[in-house]
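I set out to record what can be looked up in this model, entry by entry. The metal site comes at the start, and backbone geometry, a helix, pockets and cavities follow.

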Amino acid sequence: MLPGRFPPVIMLHHVSDDAALDGHKPYSISHGSFTRLLDVLEDGQFTTSGFEDMNIPLHKRVIITFDDCAKHLWDFAIPELQRRNMKAVFYMPTACLGGTNEWDMPFGKPRIPLMNEADIKHLSDMGMEIGSHSHNHVRLGELRRSEVVQNLQQSKAILEGITGKKIISIAYPFGSIPGEKDNILKETGYAYGLSIYSAFENRYCIRRFIYHDGDDAARLKAKLSLRYKIMRAVNDKLLQLKSATPKK
Ligand SMILES: [Zn+2]
């Protein structure tokens, strides 16, 4: 599928001015950077939507996503979204509800408290969308098919139990895309899958871009453009071809 069929999807994790989280940069952004992002979206007259309202025709749509559901998002990011009447999609690894980011420990990253069931319910009730981030934040691309199916079913059932709503999208942890993703997602009842780097998109591997402290307003506007998406798709395809070329 050619780039452009899907709206720009922004991948965020942490929004904090606490220096203790600096070890997560570039996946942790400052309050100032988050404010800049929302200002650029407002000024550009973008509408923030989720995947559940993808069928509503919108002139300029953007989807803001948060992976991992860190508890500190309640301190600034969520109130700021609410104040501006903006929506985002929150991806929770269900085995980690009320726990911490154990998967980051081997990389020496700071430990962070994550949301619990009440947080997820509250987010959903206030109109934010909830998605799966697998059950236990694993690299789905490295699991057997039956394990992926079981993992996605379990996560979906837990989140639907908490929210009382259908869970229709998953963000693949580490951007690791499971083999046979199209069939597996259809089989387990997901309508969308989010990757990070994939040369060609379909609804089961929609690419996202990272927004970080180094992105000023001009760079962010460029990242929101279709031109950027096409350039990245071409670049990623070339990299794939290069890595597939046998070395002499
Ligand atoms: Zn994650």
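The entries below are my notes on this structure, which is a predicted model.

**Entry 1. Metal site.** I looked up the ligands of the zinc ion. Asp68 (OD), His133 (NE2) and His137 (NE2) coordinate the ion at 2.1 Å. Along the sequence, I noted the donor spacing as D-x64-H-x3-H. Aspartate 68 and histidine 133 link distant parts of the chain, being 65 residues apart. I placed aspartate 68 in the loop between strand E5 (61-67) and helix H2 (77-83), and histidine 133 in the loop between strand E7 (129-132) and helix H4 (145-163). Histidine 137 also lies in the loop between E7 and H4.

I then asked whether aspartate 68 is buried or exposed. Aspartate 68 has a relative accessible area of 4%, so I entered it as buried. Histidine 133 is at 1% and counts as buried. For histidine 137 the value is 6%, which is again buried.

**Entry 2. Backbone geometry.** I checked phi and omega for departures from the usual pattern. Most residues other than glycine have a negative phi, and most peptide bonds are trans. Histidine 137, a zinc donor, has a positive phi, near 50 degrees. Asparagine 85 likewise has a positive phi, near 60 degrees. I found asparagine 85 in the loop between H2 and E6, where its relative accessible area of 72% makes it exposed.

Lysine 25 and proline 26 are joined by a cis peptide bond with omega of about 10 degrees. Proline 26 sits in the loop between strand E2 (14-15) and strand E3 (28-29).

**Entry 3. Helix H3.** Which residues of helix H3 (residues 117-125) are buried? I listed Asp119, Ile120, Leu123 and Ser124. These residues lie on the same side of H3, because they cover an arc of only 130 degrees around the axis. Among the elements that cover them I noted H2, strand E6 (89-92), E7 and H4.

**Entry 4. Pockets.** I recorded a volume of about 330 Å³ for the largest pocket. Its lining has 21 residues, and His13, Tyr27, Lys109, Phe174 and Ile196 lie nearest the centre. By class I entered 10 nonpolar, six polar and five charged residues.

The second largest pocket has a volume of about 220 Å³. Of its 16 lining residues, Phe6, Pro7, Pro8, Leu224 and Lys229 lie nearest the centre. Helix H7 (residues 226-244) gives the most to this lining, with four residues. The classes here are eight nonpolar, two polar and six charged.

**Entry 5. Cavities.** How many cavities of 30 Å³ or more does the structure hold? I entered two. The largest cavity has a volume of about 70 Å³. Its lining includes Ser124, which I had already listed among the buried residues of H3. Glu52, Met128, Glu129 and Lys165 are also among the lining residues. I entered three nonpolar, two polar and four charged residues for this lining.

The second largest cavity holds about 40 Å³ of space. Pro26, the proline of the cis peptide bond, is one of its lining residues. His13 and Tyr27 line this cavity too, and both were noted above for the largest pocket. I classed the lining of the second largest cavity as seven nonpolar, three polar and no charged residues.

Note on methods: Residues numbered from 1 in each chain as written. Predicted model: local features only at pLDDT ≥ 70, side-chain atom pairs only at ≥ 80, totals over all residues. Heavy atoms only, no water. Donors = N, O, S within 2.8 Å, 3.2 Å for Na, K, Ca; no water. Helix = DSSP H or I, 4+ residues; strand = E, 2+ residues; numbered from the N terminus. Buried < 20%, exposed > 50% of the residue type's maximum accessible area, 1.4 Å probe, protein only. 1 Å grid on protein atoms, 1.4 Å probe; cavity = no way out; pocket = protein on both sides within 12 Å on 5 of 7 lines; lining within 4 Å. Points joined across faces, edges and corners; volume = space filled by probe spheres on them. Nonpolar A, V, L, I, M, F, W, Y, C, P; charged D, E, K, R; others polar. Arc of directions from axis to C-beta. Contact = heavy atoms within 4.5 Å.
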